[in-house]
Each structure stands twice: as structure tokens, then as C-alpha cells.
Amino acid sequence: MSVSVEKSVEKSVEKKSWTDEEFMALPEGGRYELVDGEVVDMDNSGMEHGYIASILNILVGGYVLSQKLGVVCDSSTAFGMKTGNKRSPDFSFVSKDRLQGVRRLPKGFFQGAPDLAVEVISPSNTFEEIHNKLVEYFENGCRLAWVINPDEQSVLVYRQPQPEQLLKITDTLSGEEVIPGLEIPAAELFAELDF
């Protein structure tokens, strides 16, 4: 790997044109996005963040698989945007309608945003960063997004780049028409450990 690629892993780097192969060849162990020609190291997010994303994998993933509605992906999955950016939601769902004729998922990037994009707020996130990601998701085909705030035990629901609904711990998350029939009590995401 060249010195310039190794340096690109730093928080901010000089802009360059990245091929998919170069981006995928970045050092393992990091979580990266490509934003406006810069590789952004997404940092580690902590155990609470990872736990909430795992609960989503279990609850949403189990439902999606049992109903054969599409596929779910974790935060290591980058989606190719029209701008050339590569964005990685903390959790995502792509419907079977968008995967028609696909027998195996691509080893590279899915072109377009997922149908459902989920971001779990971590201490290093900024409002501007999350907003910019949501704008780009919706410009690239996203139909529903959840922004989960562990500190406030709440979920903002987006059907466009502006929030439309605030769910509290006593409310229920719905897959709406994106994942028909999916209902998850928000409390499942924020439950205290009991063992």
C-alpha cells in the first residue's frame, strides 16, 4: 500500500479520486466513509452503540429473513451515492424489489441508498454530519430513516431529510410500507440489562 493511501486513513486528507478497489483496500479494522473525495475514519463507537445496532440486526434482521423481504446490512457496508460518496449507515435494509435478478450480493458497493437507513448517535457525531448523511440517503433512494439517540432514549423518524416524528421509549417503531408488518417497541432498544 502506498504512503498516500496510508495517510488517507487520517481524519482529514487531501482530496483525490478514489476507485472502488482503492477504497475497499483501506486497512482492515477501520470503518470508513468517502465524503467529497476525502476518506473519513468513522472511529469506534462504543459498546452501547454496538449493542443497539446488534439488537436491530436481531429484531429487524430476523423479521426480514423470515418474511423474505430483502437483506439487512451492518455498519461495515458502504453504499455508493450519485456524488461518488460512500456512506455507511449503522444499520440498513434493502428491499427484495431492488434486488430482483440478483442471486448473490455484490462484493463491492450497492449503488444507491438503502430503503431503510439507521444511524445510532454516538458521542463523536455532529448534527451537521448526521443531517448531511440523511440528505444524501434520501437523494439516493432511501424511503425511511431512523436516528436513534441512546442518551435521550428516543428515535427520530424521517421520510425525507427533515424529521417527521419523535418516538419515545413507550412508542413503537414501524417498518411502515418499507418493511410491512414490522413493529418494534422502542423500549427493546433501550432496555436495561437484567441478568
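**Exercise 1. Is Asp115 buried, partly exposed or exposed?**

Solution. The model is predicted, and every value below is computed from it.

Step 1. Locate the residue: Asp115 lies in the loop between β7 (110-111) and β8.

Step 2. Compare its accessibility with the cut-off. A residue is buried when its relative accessible area is under 20%. Asp115 has 2% relative accessibility, so it counts as buried.

Step 3. List what surrounds it. Without its neighbours within four places in sequence, Asp115 is in contact with Phe93, Val94, Ser95, Arg98, Cys142, Arg143, Leu144 and Val178.

**Exercise 2. Describe Val178, one of the contacts of Asp115.**

Solution. Step 1. Val178 sits in the loop between β12 and β13.

Step 2. Its relative accessibility is 3%, so Val178 counts as buried.

Step 3. Leaving out residues up to four places away in sequence, Val178 touches Phe93, Asp115, Leu116, Arg143 and Leu144.

Step 4. Set sequence distance beside distance in space. Val178 and Leu69 are 109 residues apart in sequence, while their C-alpha atoms are 9.4 Å apart. For the chain as a whole, take the contacts between residues at least 6 apart in sequence: 53% of these join residues at least 24 apart.

**Exercise 3. In what order do the six strands of the open sheet lie, and which strands stand at its edges?**

Solution. Step 1. Begin with the inventory: the chain has five helices and 13 strands.

Step 2. Six of the strands form an open sheet with mixed pairing, in the order β3-β6-β8-β9-β10-β11.

Step 3. Find the edges. β3 (70-74) and β11 (163-168) each have a single partner strand, so one side of each has no neighbour in the sheet. From one strand to the next, the twist averages 15°.

Step 4. Check the pairings that make the sheet mixed. Strands of a sheet pair through backbone hydrogen bonds, in either the parallel or the antiparallel sense.

- β6 and β8 are antiparallel, with three bridges; Phe91 has Val118 of β8 as its bridge partner.
- β8 and β9 are parallel, with five bridges; Val120 has Ile148 of β9 as its bridge partner.
- β10 (residues 154-158) and β11 are antiparallel, with five bridges; Val157 has Gln165 of β11 as its bridge partner.

**Exercise 4. Which strands does helix α3 touch, and which does helix α4 lie across?**

Solution. Step 1. Helix α3 (residues 47-67) packs on the sheet and touches β3, β6 (91-95), β8 (116-120) and β9 (144-149). The direction of α3 makes about 170° with that of β3.

Step 2. Helix α4 (residues 127-139) lies across β8, β9 and β10. Against β9, α4 runs at about 165°.

Step 3. Compare the two lists: β8 and β9 appear in both.

**Exercise 5. How many residues of β8 are buried, and which way do they point?**

Solution. Step 1. Five of the five residues of β8 are buried, so this strand is largely enclosed by the rest of the structure.

Step 2. In a regular strand, side chains alternate between the two faces of the sheet.

Step 3. Apply this to β8. Leu116, Val118 and Val120 point one way, Ala117 and Glu119 point the other way, and all are buried.

Step 4. Place this beside the chain total: buried residues make up 43% of the 195 residues.

**Exercise 6. What is the sign of phi at Gln153 and at Glu176?**

Solution. Step 1. Most residues other than glycine have a negative phi.

Step 2. Gln153, in the loop between β9 and β10, has a positive phi near 50°. At 32% relative accessibility, Gln153 counts as partly exposed.

Step 3. Glu176, in the loop between β12 (172-174) and β13 (183-185), also has a positive phi, near 50°. Its relative accessibility is 21%, so Glu176 counts as partly exposed.

**Exercise 7. Which residues make the nonpolar surface patch?**

Solution. Step 1. Tyr51, Leu193 and Phe195 make a nonpolar patch of about 430 Å².

Step 2. Examine one member. Phe195 belongs to the segment after α5 (187-190). With 89% relative accessibility, Phe195 counts as exposed.

Step 3. Consider the whole surface. The chain exposes about 10,800 Å², and carbon and sulfur atoms supply 51% of that area.

Key. Residues are numbered from 1 along each chain as its sequence is written. This is a predicted model: local features need pLDDT of at least 70, side-chain atom pairs count only at pLDDT 80 or more; totals for chains, interfaces and linings use all residues. Side-chain values use heavy atoms; hydrogens and water are left out. Helices (H or I, at least four residues) and strands (E, at least two) are DSSP runs, numbered from the N terminus. Buried means under 20% relative accessible area, exposed over 50%, partly exposed in between (1.4 Å probe, protein chains only). Contact means heavy atoms within 4.5 Å. Accessible areas come from the Shrake-Rupley method with a 1.4 Å probe; for residues, only the protein chains shown count as cover. Two strands pair if DSSP finds at least two bridges between them. Axes are lines fitted to C-alpha atoms, for helices over the stretch in contact, and angles run from 0 to 180 degrees between N-to-C directions. Patches are made of residues with over 30% relative accessible area and no salt bridge: like charges are joined within 9 Å, nonpolar side chains (Val, Leu, Ile, Met, Phe, Trp, Tyr) within 5 Å. A salt bridge is a side-chain nitrogen of Lys or Arg within 4 Å of a carboxyl oxygen of Asp or Glu.
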